[in-house]
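Colleague: I would like to know how the labels put on this model are justified. Please take them one at a time.

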Amino acid sequence: GFYYLFAFAVTISVQLVGVYLVFASLILPALAAINTPEKKRTHAAYLVALLGYAVGIPLSAIVDMPTGAVVIWTLAATAVTYRISHKYIESARRLS
């Protein structure tokens, strides 16, 4: 069931937007949220993905660059920013 649908969705998506954008959209939010507590992990990954796309699409129009490349870079930047800020917040929370 699920795996057939997932394989179909990934295959169609790769043909529509490209392999880099599809796999960056799958991997980067998950990597960003990996150390988040389990109850909040899915929400954190969705937040990273949403912010990456919400910033990347308009930014690509502003700087007149290909949308896929800009979205991948903003996803990466959002993921790194989330990981660093989450690590900093957790360490500050442990100290207090």
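Modeller: What follows is a short series of labels, each set against its definition.

Modeller: This is a predicted model, so local features need pLDDT of at least 70 and side-chain atom pairs count only at pLDDT 80 or more, while totals for chains, interfaces and linings use all residues. Residues are numbered from 1 along each chain as its sequence is written, and side-chain values use heavy atoms, leaving out hydrogens and water.

Colleague: Why is the pairing of E90 and R93 called a salt bridge?

Modeller: A salt bridge needs a side-chain nitrogen of Lys or Arg within 4 Å of a carboxyl oxygen of Asp or Glu. For E90 and R93 the N to O distance is 3.1 Å, so the pair meets the definition. The whole structure has 1 salt bridge.

Colleague: What makes R93 exposed?

Modeller: Exposed means over 50% relative accessible area, partly exposed 20% to 50%, and buried under 20% (1.4 Å probe, protein chains only). R93 has 51% relative accessibility, so R93 counts as exposed.

Colleague: How do you know that L31 is partly exposed?

Modeller: The relative accessible area of L31 is 43%, and therefore L31 is partly exposed.

Colleague: Which residues make up the largest nonpolar core?

Modeller: A nonpolar core is a set of buried Ala, Val, Leu, Ile, Met, Phe, Trp, Tyr and Cys residues joined through side-chain atoms within 4.5 Å. The largest has 7 residues: A32, A33, A44, A45, V48, A79 and Y82.

Colleague: What is A33 in contact with, leaving aside its neighbours within four places in sequence?

Modeller: Contact means heavy atoms within 4.5 Å. With those neighbours within four places left aside, A33 is in contact with R41, A44, A45 and Y82.
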